[in-house]
Amino acid sequence: MMQPKPATVLSIRGLTTTFPGPRGDIVIVDDVSLDVARGETLAVVGESGSGKTMTFHSALGLVPSPGRVVAGEVLLDGADLLRLPPHELRQRRGADIAIVFQDPLTALNPVFTIGDQIGEVLRAHTRLSRSSARKRAIETLERVHIPDPHRRVDDFPHQFSGGMRQRALIAMAIALEPKVLIADEPTTALDVTVQAQVLELLADLKRDTGMGLVLITHDLGVVARYADRLAVMYAGRVMEQGTADRVFETPRHPYTLSLFRSIPHLDTPAGTDLTPIEGLPPNPALLPTGCAFEPRCFHGGGREDCRSGRPALTPTDVPEHAARCWHWTELASERRPS
Amino acid sequence: MTGNEQPPAPDEPLLSVANVSKIFSGGRSLLGRQRSAVRAVDGVSLELRAGETLGLVGETGSGKSTLGRLVLRLVEPTSGRITFAGEDLTAKSMAEVRRLRGSIQMVFQDPYGSLDPRMSVGALIAEPMIVHGAPRADIPRRVSEIMGLVGLDARLAHRYPHQFSGGQRQRIGIARAMALSPKLLVLDEPVSALDVSIQAQILNLLRDIQQRTGMAYLFIAHDLAVVRHVSNRVAVMYLGRIVETGPRDKLYGAPRHPYTISLLSAVPLASPALERTRSRIPVYGEISSGTAVPSGCRFHPRCFRARLVAGAGKVPTVASGDGIIPAVCAQQDPKLEGPTSEHLSACHFGPEHDGRIATLQPAGERA
Amino acid sequence: MADRHDRDGHLTRRHLLALAGAAGAGAALPLDFSKVVLAQGAGKTLRVRMGSDISVLDPSHIFQIENQTVCGHVFNGLMKYDQSTNKIVPDLALSHTVSSDGTVYTFKLRPGIAFHKNYGPLTADDVKFSFDRVLDPKGGSKYTGQLAGLVKTEAPAPDTVVLTLDKPASGFMHKLTAFNQGWIVSKKAIEEMGEKAKLNPIGTGPFTFEKWSTGSEVRLAANKAYFEGAPKFDELLLRIIKEETAAAIALEKGEIDIFYALQQPEMIDRLGKAPNIKVLSRDANHTINLVLNTTIKPLDNPLVRRAMAHAMNRKGLIDGFFKGTKGMGHSVLTSSFAEFTDDVPRYEYDPEKAKALLKEAGVTGFKFEITSVGLSPFDRIVVPLAEDLKAVGIEATIKILERGAYTQARNSGNVQSCITGVVGPPDPDSPLVTLYAKKSFPPGLNTARYEGAEDLLAKAAGAKGDTDRAAAYKAVLQKVMADVPVIPLYADKLFLAHTSKVEGLVQNSLFTVFTYPASLKG
Amino acid sequence: MSADDRASDLAVPPTPWRQLAETLRDHLRHPGLAIGTGLLALLLLVALFAPWIAPYPPLKTNMSNTLAPMSSAHWLGTDQFGRDVLSRILLGTQVSLQVAFAVVALSLTAGTLIGAIAGFAGGWIERITLVIIDILLAFPGFLFALALVAARGSSLESVIIAVAIAFTPRVAAVMRSVVLTIKPRPFIESSRAIGMSEWRVLWRHVIPNALPPVIVVATVSAATAILAEAGLSFLGLGVQPPTPTWGNIIADGNSLITTNPWISLSAGFCIAIAVIAFNLLGDGLRDTLDPQMKRQTGRGLL
Amino acid sequence: MLGYLGRCLAHLMVTVAGIVTVAFFLMRAIPGDPAQYMLGDYATQESLAALRAQLGLDRSLVEQYLLFVARAVQGDLGTSVATGQAALTEIIDSLPASLALAFSGLFVAVALGVPSGIAAAVRQGTWLDVAIMLVALGGISFPVFWLGLAAILLFSHKLGIFPALGSSSDAGWLTSLHHLALPALVLGFSVAAYIARLTRSAMLEVLNQDYVRVARAMGIPDRRVVYRLALRNALVPILAVIGVTFAWSLGNAILIEAVFSRPGVGSTMLKAILARDYQLVQAGVLALATGVVLTNTLLDILYGVIDPRLRAA
């Protein structure tokens, strides 16, 4: 889906985050660069531990101690969030860039009403009175399609269903109409029917406000349905990135390809065999010196350059597409199965 | 397993669940107040033959996990009969049931929680054998045999679960379930807690084991694609009821029940091209709780077909929640029936009413 | 102080049979009236430390020295002990006569005496009532036995009381002195208040009882109409302060004026050196003793008992532990008694002799338990004594019981030995009959179950004249100290400290404090 | 599966001894645990060898040298009976540790069983036990112990029994709540699914998994037991003289606090050291044994 | 909320009934004869028997129990053997002093403990955290009576700032406060140590929760995150420990009262226990236990106010 090149609103450049480990620092986010444009949905795909969540926590200065952002810049409308004084960064968070957490049950404070929690966000950034904050909260709840928001605003999180909690979280995040909304696995904990409702809601909100949307997920179907562009992460690194259509059509990284092949799909013939990715997800403390995916790779497996040299994210033959593989050209010459 | 032919069906089903219900009564509080009861499973019947895989899908709260536990009598049925290999499980004493559990085993969803963290892997796998009185001398040999079977290095038997990854732990769980060579394996979401890259390993392992041993699987999952991948037959559950059941290809290829249709439409496909052309069928709201089961057809508050039929205006209608639905939907509980004895669905109306589906407003608009 | 509770009952165990020299004391007044001046300035409070809380304040039920201290300020008797000389002198009685056969006592009451709180004038009826209720077996008085010989009480006139005894008893005047059963209560008050009277004493004394705050304090107000003159301060505050350290600091800081029942040698020493603080001391009328059960083997053998007396380093205890604040006790009579003699068998500290005696008795070491009460210093003094006994081969173990359990164990008579002190008036029968007479167990304190001095005790009771009396008691003491069923550990000494603001305070030998004579300076 | 094997190559299969040593090393890396273990080991040594370490016989009175000040001969001076205070304090370690261990052993055994059965059985058994525990917990523990010792007569056993009885409902309450968190864990159901009987599940799976938090509670209650013994001894309801305990040394020195403060002060320090040792041990065990605490340290984010 | 209140009160009633029962049988299980104690050393068998009959001690245990319950319902908890006063009156008379101590101690404890616990949690791992936790460790490790002795030695004897006596005979509130200060500080300090430790761990737990991260991510200022959003969640365990320590300080008041020669329930109970004054011990135990249960019920209600989930449960 080609769109006129929109204005970049969030630009992450060379972001690197480490945690101290027993044998030196462990790199959790490894030189990650990503761009999000206004009105665009960027999907970040990866398994648990691939660093996708930590990338955005790093960008927002939310890395838990003792982790540290050691390099990179995060430009939001031109200002580098990593170099802002703390109070300015705080003012940006929630107002210009907001995040929706994965688990709606734990992400809501159990002892405050939904209205209080949305109001708290409003009042942290504006000079709204208590009553007008409440009014705004009700409006926001209405926007995320909470039925009967006048009554529900005084409910506590445990009185909400899972889908409604996720909506409430989204309401908190969009209350101040941020330029960028980061949705971190917003539907993992939800049933498939509710998942569809929430994702549709996010898509609608994006369309209405023109904000940039980052969708962190491990579900390729979700990516296919909602994303404009896609970045695949593995072991803290971006392995492949490009427009969603191109990455699905012509993947240029063995990991991406393996992901497609290892999961049963509803649209593939029922008899199709699965090709598992052998081995275990990477332990960030014990990464090989070369390509992080090399130990599990069906493609490069055992080749000397894969073992010793770390490939860079390089543009491929596909427009607006880059992959982090020494041998992407060979992959390009293979025919994509199915 | 998906590529295989249907196993020859013996006359007698291995497992037969007949009209089984489970109501979790809330019990009484200290003040003697009756807490509300939860109808987790409500008059469910199904059969499973040796070597067959029955997939059981449904959302959270549909009662599919409870049904799995009822089969092992880990949960006492409130009513109904469960017959396993000709023996009436529901009539047996607890001690006999425990003995029979050698033949019916279960693999649990959470590979992190379902293994006692204080026991070594060897001890965990040996435990069922000890409990069922296997000769002590045979146990170590059998443990390494089973570990090999599930793809674990037998030299790691002295290790503890936390030293293994999620996928390996699920292998341990499977090994433990297989230790007594059961005839039926109840698999409760065996891969949903695993990393995507690992799921295929476990699914393939399960397929291999079934091919080798001829075990029957009751495969419980919420992931429609996974269930499609592993099952011969599929049953869809909603609020304690089976709303549709049929052979895999028929159910996925031509779903009859509006809930099945909605479910399938809600699962996004991993292809942007296909996604762009797909119509989206709204499901209204969220699943009700088992304490307040809707009257009539329990799916009616969320049903698009009911709204379509009502909109066509040929049947008496009533207002329900935020929509107008046929009166029959709100008043009468549909029976599970169908054109063939294989493919059954519990709906008052047929799929022929779904033609004007595009006229419905999108799901996201109303919650 | 807390230490004495369980012996309070014995204060009144006076089986005085001989006549004390009270006959001529009728008209003597204890105080020089010229010294009585009006209290200087209103609102003066004298604050006294007490070591323990009070309980029942009804004279017929009273026990425990704190209660006696309170009641001593509230009540009067017909007679009283002079605080400094221990002589029996008239109190409410103006005079008295004794019939020639020594059985009929006639008292003339002092006129114009009124009970506190408008309970009317004191009459002979009140006196008769006071004695009658002690004698009434249904009254449950602890002191019925005290007035055992009293067969008739009469009040022929409002100011005349006639008491008739079944036979002459020389100690009868002691029974009537201002102590427990001797205190005169208001008939009207007792009858009106019923049960409440237990904690609302109405007497004729220099102070009226105002208020008791549990565990905290007792307040008494000056009785301005007291027949010997109003007290020189307005209020007496008895504060309950258990810890001596706290009490000493409070005294130094001027938070209390009188530290009564001072025990700790270190505290005595410290306060003695402190400026503006005066420490008074006086020999008490009692010794602290180890009572051996003579009915069990091998304690039934006098040789063994003597050996034990020799084995214990009592001098070491007095010098080392008490730092010389106690005196040596050679018998249970201290030097404050008129009948005191030091011509008794003595048991110096001599482990070798102890061993020899044990050998002579054919006893080679035995197990032996000392029961004591969990109150300082009685739970401590046994420690070095047990060590001493171990040194001669007697395996002594210590059993400390708290008050209730201790009383019970002692009453059961099953204890092998126990620590007992008989706190009481300067009446030789108080310790002697109590500890050595057959009739004193059970019930009683002769837990030695000693019967060897019955004849001598009877003789002493019947003795006439001071010389006879002294000789008779000497004979008793020599006999019991030869048999040693009771080993006196030390002769108690009483200490009391007060600030220099307090003047005119007289310390008694009774372990109570009587503040009436005192005044507050400045 | 070859990939799994490769993962297992990451560590050499350890021998049990090596594993134990590693666990120990891991645990001792926790500073609190290391200090606590060290202090406790020291106290244990002192308790065991007190009769030989003590410079003087702790019970030997010397009435000619009472209340001697601190000197090179008597480091902490002598008491009212001329006994060496340091020797008495050293011997006092025995009683304090005895009380601590005995109380923990008794209350842990009883409390664990009661709590585990109540929590695991559920239903009316649990409800009744819970009400009883609640009632017993309402009684002030120290007062309860005091009354019990007074009734039974002061002795070491009385103190131990009284404090243990006061602690048992506490342990039972903790045990029950821990069991409640274990009961819904999948491995319990998994054990039932393989055909284990309820008793076997309780014994083999529930109790072993509930022990770590209970052990932490027990360690802390050992500390409290030492304090309780000291309190009882202070009120004169402790161990019979002449046996020294830290509590009765403080009580003996109480009235001498202004003249010979070191008698009471030093015994108090000993109590504090023992209590600190147990508390550090408890804190450390909680950090290292209790996986729930580990999860909370945020490692999950990695 | 009403249902929740009802549940709390029902639980309260069941527990109090249990306490009455346990208190009765506990006292009967203790050996010793109150009649013997009342009559002292010279009691004869006849007078003992008469008194036992008067006290109802000769009846069957069940009869005694029923009588006891019937009287207890009317507020009659028997008569103190030692003073002949109503036992309940004596307990109630000694309550104000204990409550004053407990509340002032609690005030000190909360004022010291909660802020330092929060500070330690917020500055986890810094020297401030370490310092606070070391002091707190000391606070829970020294016996409270020893702290009292040390305080008297230092503040009363050496420095002379505070009186050694924990109570004053003057009615003036300033003097009373001066006397109360030292015991309250000692009690407060040792309780503060517990509260600080618990506050720290409760806060740490809460600060690790997702919703705190969400609040930070939404740009809510740190102070507000800590003191409003997080603290409220940590409040339930903090209140729980405050409740426990309040009960604890009532029970352990014996020691403080002994050290500072203060009147109060503690010293009354000690007196009663030592004297085997059945009725008084019983009344005291009942009063204290009921007080504890009442406190717990109040706290339960408070938890419900703080945490809406508990109301629903």
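1. Let's start with the contact between chains A and B in this predicted model. On one side, 49 residues of chain A take part, and they meet 47 residues of chain B. Together the two chains bury about 4,100 Å², and carbon and sulfur atoms account for 57% of that area.

2. On the polar side of the same pairing, three salt bridges are counted between chain A and chain B. One to look up on screen is the bridge from Arg225(A) to Glu275(B), where the closest N and O atoms lie 2.6 Å apart. There are also 15 residue pairs in polar contact between the two chains, counting pairs with both residues at pLDDT 80 or more.

3. Which elements of chain A give two or more residues to the side that touches chain B? They are helix 6 (162-174), helix 7 (192-209), helix 8 (220-226), helix 9 (244-249) and helix 10 (254-262). Helix 7 of chain A gives the most, with eight residues. By class, this side of chain A holds 21 nonpolar, 17 polar and 11 charged residues.

4. While you are in chain A, have a look at Gln166(A), which sits in helix 6. Is Gln166(A) buried or exposed? Its relative accessibility is 0%, so Gln166(A) counts as buried. Leaving aside residues up to four places away in sequence, Gln166(A) touches Val100(A), Phe101(A), Gln102(A) and Pro104(A), and also Pro186(A), Leu190(A) and Val198(A).

5. Next, the backbone of chain B. Arg73(B) is not a glycine, yet its phi is positive, near 55 degrees. You will find Arg73(B) in the loop between helix 1 (64-71) and strand 4 (79-84) of chain B. Because its relative accessibility is 6%, and the buried class covers values under 20%, Arg73(B) counts as buried.

6. Chain C offers another case of this kind: Lys117(C), again not a glycine, has a positive phi of about 55 degrees. Lys117(C) belongs to the loop between strand 5 (104-109) and helix 2 (124-135) of chain C. Here the relative accessibility is 43%, which lies between the 20% and 50% limits, so Lys117(C) counts as partly exposed.

7. Two cis peptide bonds deserve a glance as well. In chain C, the bond from Lys297(C) to Pro298(C) is cis, with omega near -5 degrees. Pro298(C) is placed in the loop between strand 12 (277-292) and helix 7 (302-311) of that chain. In chain D, the bond from Pro241(D) to Pro242(D) is cis, with omega near 10 degrees. Pro242(D) is in the loop between helix 9 (198-234) and helix 10 (246-254) of chain D.

8. Finally, chain C as a whole. Its secondary structure comes to 14 helices and 18 strands, and its C-alpha trace spans about 70 × 60 × 40 Å along the principal axes. How does the radius of gyration of chain C agree with that of a compact globule? For 522 residues a compact globule would have a value near 24 Å, so the 23 Å of chain C agrees with it.

9. Two further values fill in the picture of chain C. Of its 522 residues, 66% are buried. If you take the contacts between residues at least 6 apart in sequence, 72% of them join residues at least 24 apart.

Key. Residues are numbered from 1 along each chain as its sequence is written. Chains are lettered from A and ligands numbered from 1 in the order in which they are written. This is a predicted model: local features need pLDDT of at least 70, side-chain atom pairs count only at pLDDT 80 or more; totals for chains, interfaces and linings use all residues. Side-chain values use heavy atoms; hydrogens and water are left out. Contact means heavy atoms within 4.5 Å. Buried area is the accessible area (1.4 Å probe) that two parts lose on being put together, summed over both. A salt bridge is a side-chain nitrogen of Lys or Arg within 4 Å of a carboxyl oxygen of Asp or Glu. A polar contact is a pair of N or O atoms within 3.5 Å; within protein, one must be able to donate a hydrogen and the other to accept it, and residues adjacent in sequence count only if both atoms are side-chain atoms. Helices (H or I, at least four residues) and strands (E, at least two) are DSSP runs, numbered from the N terminus. Ala, Val, Leu, Ile, Met, Phe, Trp, Tyr, Cys and Pro count as nonpolar, Asp, Glu, Lys and Arg as charged, and the others, Gly among them, as polar. Buried means under 20% relative accessible area, exposed over 50%, partly exposed in between (1.4 Å probe, protein chains only). The radius of gyration is taken over C-alpha atoms; the globule rule is 2.2 Å times the number of residues to the power 0.38.
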